[in-house]
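Open the model in your viewer and keep the selection panel at hand. The stops below go from a helix pair to the chain contact, then to confidence.

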Amino acid sequence: MATQTIFRSALSGPRLAKTANRSLLYLIAIAATVVFVFPVIWLISASLKPNVDIYRAPLNLIPSEVDWTPYEKVFRVTPIARYLLNSFTYALGGSAITLFFSVLASYGLSRHIFTGKRTFLTFLLIVQLVPQLVRVVPIYIMMSSLGLVNTQIGLILLYGVGGIAYGTWFLKGYFDSIPKDLDEAAWMDGASKFATIWRILLPTMVPGLAALLILQFIGHWNDFTTAAIMLRVPDLRPLTVGIYTLIGPDETDFRLLSTAALVNIVPVVVVFSFLQRYLVAGLAAGAVKR
Amino acid sequence: MTAALSRSTRRLERFAGGPWPFILPGVLLYLALSIYPILYQSYLAMTDMQVTSLSSAQWVGLENFAFLFSDSRFLDAIQFTLLFVLITVPVQYTIAFALALLVDQKLRGRIVFRLTYILPLAISSLIIGLMWRLLMHESAAGFINALLEQLGIGTIPFFSNPNWARFAIFFVNIWSSVGSTMVFLLGGLQTIDVEQLEAATVDGANAWQRFFLIKLPLMRQISGLALIFMFVGTFGIFEKILALTFGGPANATFTIGFYMFATAFGARGAWGTTAGLLGRAAAMGVVMFGVILIFVLLYLWLVMFEREEA
């Protein structure tokens with residue numbers, strides 16, 4: 001697929017260059033990059049500025065001197081370290097549950113033909129389209145009657161189960177791309193289905209599993225709504241909910257808010273940047289396959 | 001007897017050896033937390049359930065719906081949410097298509113460009129709202145207003161003027177989600193047959209003709225999918241509103257999702273809403289689901305229509 005892309009670009013690229021002004025294209029591309037990246041850069045700058053600069057020199061991106069006070073303050077005064085740990089636990093726990101059930105379901109869907117399979121897959125896709133917000137009220141009541149409100153396991157369960165449809169769609173593509181001969185060879189050697197999945201198939205799709213894990217992790221890390229309704233105890237809050245409670249009636253402490261926001265943004269943006277090839281390929285594959 | 005037994009045994013074997021032992025555990029759990037809540041919500045919407053008395057809810061029939069459709073705040077929220085969708089979805093689609101075409105070109109560093117356009121996808125909606133609240137802040141500390149002031153244009157009351165507040169949330173929503181639409185459309189562009197474009201060029205088609213006569217029609221299916229995702233996603237907007245405008249000023253950016261959340265769980269006493277009314281919030285959830293269902297059915301109908309034509 002990559003070679004195809006390069007091949008096609010090589011054909012259509014120079015031709016377009018004749019008709020359109022190439023430098024204009026670069027100009028637009030760079031301008032768009034600025035629009036998308038600048039807010040985060042400004043946030044970093046605001047978090048490092050001395051307090052006087054906030055009002056006196058809001059346009060200066062390079063602080064007159066670097067002031068780490070808000071970082072110290074955010075970790076000392078607010079329980080943000082606790083929130084970080086919570087976010088990490090929920091995101092990882094949820095992703096692990098999703099991965100487990102999605103591997104099984106996508107294997108079943110990839111390796112078997114049955115009546116209504118296509119309809120079933122479309123059905124899953126459509127159900128998944130409905131935003132979580134639409135069902136927070138019944139979910140809250142259901143979890144409450146199970147005694148899972150204000151528990152970490154309750155939120156992890158919601159995250160994990162909520163990702164199964166997407167995960168199944170996502171991994172089915174990877175299973176489909178593995179030749180069935182591999183299964184048959186394993187079966188001939190007397191391996192069970194689970195052993196085949198675990199020892200033969202999964203090792204060949206590590207990039208796909210990693211991409212799904214990261215996508216799910218980022219999604220849970222960034223969730224606010226579900227965590228806000230499920231966890232009413234301050235100690236259990238994830239970062240997003242914790243940061244929201246930091247916003248006072250008026251957001252006077254720019255530096256503290258910027259810093260807190262960055263504590264949330266930086267880990268995922270770093271992961272995202274390093275692994276974006278996998279992620280984009282994964283997202284695009286999901287979109288194109290149907 | 002033995003025949004019946006062996007038939008059921010065979011059926012069991014086929015079941016155990018078939019796809020269902022693999023599919024069912026995950027899918028049943030998933031449906032229990034996706035389809036069941038939607039059904040359960042239609043029941044809840046007919047009760048007066050409150051957060052303080054989960055077990056002693058009374059059946060009230062359609063009272064909650066009757067209240068909602070005579071509640072001007074609710075009708076305004078629906079109206080604004082639909083306006084939001086109708087304005088931002090076409091704009092977002094157009095920008096996303098332009099960006100997809102751009103990074104589909106053989107530009108040096110297009111991987112970097114592509115990465116930066118999808119950067120907002122990695123950031124929490126709530127944090128995005130908070131970040132832009134600081135950037136658009138009306139005081140001298142807000143970057144945009146400081147810049148406009150410097151340029152001699154004067155400041156913009158992003159959060160105290162209803163129309164500017166609406167502009168602000170429209171802009172921020174497009175900024176944050178245009179990348180996912182771009183990825184979608186880029187995936188579609190990359191499946192277009194090169195030879196077809198080649199042939200068109202040989203026949204003398206220019207870049208515009210190739211776009212409108214070949215690329216755009218071939219992108220119809222994927223565009224439909226991208227549009228339905230945008231419609232549904234935008235219709236459920238809540239977290240960005242909460243962090244950016246808090247529904248204000250004077251309810252100018254009050255969406256149905258925000259109203260539902262505030263009614264059920266409270267949002268620092270959003271104006272005039274009473275928190276804890278789960279039955280009424282469930283009724284709002286039913287209305288939201290109904291609107292989404294209409295979008296989805298319309299989309300499916302169009303897809304079928306297309307298939308019959310072909």
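One cut-off first: helix angles under 35 degrees count as roughly parallel, over 145 as roughly antiparallel, 65 to 115 as roughly perpendicular, and the rest as oblique. Bear in mind that this is a predicted model.

**Stop 1: a helix pair in chain A.** Select residues 80-111 of chain A, helix α5, and residues 152-162 of chain A, helix α8. Their axes lie 7 Å apart, at an angle of about 45°. α5(A) and α8(A) are therefore oblique to each other. The crossing of α5(A) past α8(A) is right-handed.

Now show the contact residues. On α5(A), pick A:Thr89, A:Tyr90, A:Gly93, A:Gly94, A:Ile97 and A:Thr98. On α8(A), pick A:Gln152, A:Leu155, A:Ile156, A:Tyr159, A:Gly160 and A:Val161. Colour this contact by residue class: 6 are nonpolar, 6 polar and none charged.

**Stop 2: where the chains meet.** Select the contact between chain A and chain B. Chain A gives 82 residues and chain B gives 79. On the chain B side, go to helix α7 (residues 125-135) of chain B, which supplies the largest share, 9 residues. What classes make up the chain B side? Nonpolar residues number 54, polar 20 and charged 5.

**Stop 3: confidence.** Colour chain B by pLDDT. Its mean is 88, with 92% of residues at 70 or more. Among the elements of chain B, helix α5 (residues 72-104) has the highest mean, 95, and helix α1 (residues 2-17) the lowest, 55. Where pLDDT is low, do not read the predicted coordinates in detail. For the complex, the predictor gives an ipTM of 0.88 and a pTM of 0.88.

Definitions and conventions: Residues numbered from 1 in each chain as written. Chains lettered and ligands numbered in written order. Predicted model: local features only at pLDDT ≥ 70, side-chain atom pairs only at ≥ 80, totals over all residues. pLDDT = per-residue confidence, 0-100. Helix = DSSP H or I, 4+ residues; strand = E, 2+ residues; numbered from the N terminus. Contact = placed C-beta atoms within 7 Å. Nonpolar A, V, L, I, M, F, W, Y, C, P; charged D, E, K, R; others polar. Axes fitted to C-alpha atoms, helices over the stretch in contact; angles between N-to-C directions. Left-handed = near helix turned anticlockwise from the far one by under 90°.
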